[in-house]
Structure formats: C-alpha cells, structure tokens
Amino acid sequence: FAAGFQDRAADGTGTATGSGDPAWSTADGGGQDGNLAAQPQQTVIGAQPAVAPEGPLDRFIRIFHLDELAAKCLRALYDDEVASVIDSCQGRLRHARNPSAVVMTAIKGVAARVGRRYYD
C-alpha cells in the first residue's frame with residue numbers, strides 16, 4: 001500500500017499504526033496533542049463556497065429589494081398564486097417607489113380571490 005503504513009493493530013481496533021506522519025502518531029487519531037480541532041483548516045484560493053442555487057422566487061425578492069413582510073407573504077403563497085402576483089406586478093415594479101407595497105397589493109388581490117389571508 002503506501003510507504004509508512006503498517007498492518008492494522010493486533011487488538012482488532014482497525015486503526016493503523018506507525019504511519020510516519022506526526023499528525024497521526026497518537027492513539028486517538030488526532031494531531032500531535034490529540035486534538036483534531038487544533039489542526040489548521042486549509043482553504044483553496046479562489047474557491048467559491050458551496051451555496052444552494054437561488055430559486056426564481058428568491059431572485060425576484062432580491063432583484064426588487066422586497067422587505068421582509070412582502071418576502072414572507074410571497075413565500076406563503078402556492079406556486080400558481082406566486083405566478084399570478086408576479087404577472088400582475090410585471091411592468092410596475094421597476095419604476096415603483098416602493099416595490100414591496102405593489103407586491104403586497106397584488107398579494108391581497110390573490111388572497112381575496114382564493115379566500116385566504118397571507119398577510120398580517
């Protein structure tokens with residue numbers, strides 16, 4: 001196998017002994033002082049952190065800088081209702097002074113049609 005690795009421990013624990021690497025020299029598998037947390041974390045320069053892809057609703061909320069209430073109410077809607085809200089706001093949000101108010105008005109219209117309340 002690799003140079004420096006010896007057979008598994010005779011006691012059946014399945015741990016390798018004597019790897020030659022000081023980071024693996026303690027019995028508990030930790031670093032030199034036995035603490036895995038003490039090892040410095042390696043980072044890759046230029047690597048992007050793993051982030052879940054942004055959905056269309058989250059993108060809509062971010063692009064139009066909607067406030068927390070509007071975002072919460074939009075997320076409470078079903079997909080077809082969200083589509084209706086976005087469709088009814090389509091041309092007005094870009095130039096609206098308060099895009100969140102426009103969205104909340106559209107949400108109230110959808111809520112009135114389906115008989116539910118999505119806002120407080």
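1. Contacts across the chain. In this predicted model, residues 24 or more positions apart account for 40% of the contacts in the chain with a separation of 6 or more. The chain has 120 residues, of which 22% count as buried.

2. Overall composition. The chain holds four helices and zero strands, and when it is read along the sequence the pattern is α-α-α-α. The points below take up the two helix pairs, then the fourth helix, and then some individual loop residues.

3. Helix 1 against helix 2. Two packed helices are described by the angle between their axes and the distance between the axes. For helix 1 and helix 2 the packing angle is about 160 degrees, and their axes are 11 Å apart. Since angles over 145 degrees count as roughly antiparallel, helix 1 is therefore roughly antiparallel to helix 2. In passing helix 2, helix 1 makes a right-handed crossing.

4. Residues in the contact of helix 1 with helix 2. On the side of helix 1 the participants are L57, D58, F60 and I61, and these meet A71, L74 and R75 in helix 2. Sorted by class, this contact of helix 1 with helix 2 has five nonpolar residues, no polar ones and two charged ones.

5. Helix 3 against helix 4. The axes of this second pair, helix 3 and helix 4, come within 9 Å and cross at roughly 135 degrees. Because that angle lies outside the ranges for roughly parallel, roughly perpendicular and roughly antiparallel, helix 3 and helix 4 are oblique to each other. Their crossing, that of helix 3 and helix 4, is right-handed.

6. Residues in the contact of helix 3 with helix 4. From helix 3, E81, S84, V85, S88 and C89 take part, and they meet V102, V103, A106, I107, V110, R113 and V114 in helix 4. By class, the contact of helix 3 with helix 4 comprises eight nonpolar, two polar and two charged residues.

7. Helix 4 in its own right. Helix 4, which covers residues 99-114, has 16 residues and reaches 23 Å from its first C-alpha to its last, a span close to the 22 Å expected at 1.5 Å a residue. The buried residues in helix 4 are P99, S100, V102, V103, M104, A106, I107, V110 and A111. The partners against which the buried residues of helix 4 pack are helix 1 (56-63), helix 2 (68-76) and helix 3 (79-89). Just after helix 4, G115 takes a positive phi of about 80 degrees.

8. H65. A reviewer of backbone geometry may wish to look at H65, whose phi is near 50 degrees, a positive value in a residue other than glycine. H65 lies in the loop between helix 1 and helix 2. Its relative accessibility is 68%, so H65 counts as exposed, the cut-off for that class being over 50%.

9. R92. The loop between helix 3 and helix 4 contains R92, which at 46% relative accessibility counts as partly exposed. R92 and V103 are eleven residues apart in sequence, and their C-alpha atoms are 9.7 Å apart in space. V103 itself is one of the buried residues of helix 4, and V103 is also among the residues of helix 4 that meet helix 3.

Technical notes:
Residues numbered from 1 in each chain as written. Predicted model: local features only at pLDDT ≥ 70, side-chain atom pairs only at ≥ 80, totals over all residues. Heavy atoms only, no water. Helix = DSSP H or I, 4+ residues; strand = E, 2+ residues; numbered from the N terminus. Expected span 1.5 Å × (residues − 1). Buried < 20%, exposed > 50% of the residue type's maximum accessible area, 1.4 Å probe, protein only. Contact = heavy atoms within 4.5 Å. Axes fitted to C-alpha atoms, helices over the stretch in contact; angles between N-to-C directions. Parallel < 35°, antiparallel > 145°, perpendicular 65-115°, else oblique. Left-handed = near helix turned anticlockwise from the far one by under 90°. Nonpolar A, V, L, I, M, F, W, Y, C, P; charged D, E, K, R; others polar.
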